[in-house]
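Let's take a walk through a protein model together, one piece at a time. Have the sequence and the 3D view ready, and follow along.

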Amino acid sequence: VYFPHGRWFNLSNGSEVTTTGQSVVLDAPYNFIPLHVRGGSVIPMQTPNTTSTESRKNSFQLLIAPDGNKSANGYLYLDDGESLNTNQNNNYTLLQFALRNNLFTSTVLSSGYTGADGAVLDTVIAYGIQTRPSSVNLNGISLYGTNITFHNAVLTLHVAITGLNYPFNIRWD
């Protein structure tokens, strides 16, 4: 597989491939697709369901893949999935995510979709974290115990944030 210059993370386990722009041989058994995420990305994810209406009832997860400067960016767009002209009528929510060093922030760029008030973010996964954080704070409140796991440079935070029409921040040190 050819990887352009940068940090790349295996989507399934967070293992890192850092390249200067080269081909790398990867294991690819018949039942596994070696999918990688480029460093510098924040990817919103949601467990699928049989319809988009049913999928909207599922919580969200965020995957953070930092670049070499410990930075990442991404967006999440939400609307009801049925109405026409949601952008023109401002019936959507748009969130911007940013990681700078160890501070992860969400900024609400538009909050017109009221369905986002009930949306839940349950997990934040950060790849490429070199050392276990000594502290993690969500909006200034400490997370601890089973809410935090760290293994093989992957930090997983169980956050249970309800209401994605509101900004939040997570800091780890």
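In which sense do strand β11 and strand β15 pair, and over how many bridges? They pair in the antiparallel sense, over 7 bridges. Keep in mind as you look around that this is a predicted model.

## Strand β15 and its partners

Let's stay with that pair for a moment. Strand β11 covers residues 120-127, and strand β15 covers residues 154-162. If you want a spot to zoom in on, try Tyr127, which stands opposite Val154 in β15. As background, strands of a sheet pair through backbone hydrogen bonds, and they can do this either parallel or antiparallel.

β15 also pairs with strand β14, residues 148-151. These two run antiparallel as well, joined by 4 bridges. One pair to look for here is Ile148 and its bridge partner in β15, Leu157. β14 and β15 make a hairpin with 2 residues between them, and Asn152 in the turn has a positive phi of about 50°.

## Residues with a positive phi

Why point out the sign of phi at all? Because most residues other than glycine have a negative phi. Asn152, in the turn between β14 and β15, goes the other way with its value of about 50°.

Two further residues are worth finding. Asn101 has a phi near 55°, a positive value in a residue other than glycine, and you'll find Asn101 in the loop between β9 and β10 (103-111). Ala160 has a positive phi too, near 50°, but Ala160 is found in a strand, namely β15. Is Ala160 buried or exposed? With a relative accessible area of 63%, Ala160 passes the 50% cut-off, so Ala160 counts as exposed.

## A sheet of three strands

Now move to the open sheet with the order β3-β2-β5, where the pairing is antiparallel. Its edge strands are β3 (16-19) and β5 (36-38), each of which pairs on one side only. From one strand to the next, the twist averages 25°.

Strand β2, residues 6-10, has β3 and β5 as its neighbours in the order of the sheet. 3 bridges join β2 to β5, while 4 bridges join β2 to β3. A nice residue to click on is Phe9: in β3 it stands opposite Glu16, and in β5 Phe9 stands opposite Val37. Asn10 has a bridge partner in β5 as well, His36. β2 and β3 form a hairpin with 5 residues between the strands, and Gly14 there takes a positive phi near 80°.

Why is β2 described as largely enclosed by the rest of the structure? Because 5 of the 5 residues of β2 are buried.

## A cavity inside

How many cavities of 30 Å³ or more turn up in a search of the whole structure? The search finds 1. The largest cavity holds about 30 Å³ of space.

Who lines this cavity? The lining is made up of Phe60, Leu62, Leu76, Leu95, Phe97, Leu121, Leu164 and Phe168. Sorted by type, the lining residues are 8 nonpolar, no polar and no charged. Two strands, β7 (60-65) and β9 (93-100), each supply at least two residues of the lining.

## A closer look at Thr93

β9 is also the strand where Thr93 lies. Is Thr93 buried or exposed? Its relative accessible area is 0%, so Thr93 is buried.

The side chain of Thr93 has a polar contact, made with the side chain of Asn165 at 2.6 Å. Leu76 is another residue to check from here: the C-alpha atoms of Thr93 and Leu76 are separated by 7.9 Å, although the two residues are 17 residues apart along the chain. You have met Leu76 already, as one of the residues that line the largest cavity.

Notes
Residues numbered from 1 in each chain as written. Predicted model: local features only at pLDDT ≥ 70, side-chain atom pairs only at ≥ 80, totals over all residues. Heavy atoms only, no water. Pairing = 2+ DSSP bridges. 1 Å grid on protein atoms, 1.4 Å probe; cavity = no way out; pocket = protein on both sides within 12 Å on 5 of 7 lines; lining within 4 Å. Points joined across faces, edges and corners; volume = space filled by probe spheres on them. Nonpolar A, V, L, I, M, F, W, Y, C, P; charged D, E, K, R; others polar. Axes fitted to C-alpha atoms, helices over the stretch in contact; angles between N-to-C directions. Buried < 20%, exposed > 50% of the residue type's maximum accessible area, 1.4 Å probe, protein only. Polar contact = N/O pair within 3.5 Å; in protein donor to acceptor, adjacent residues only side chain to side chain.
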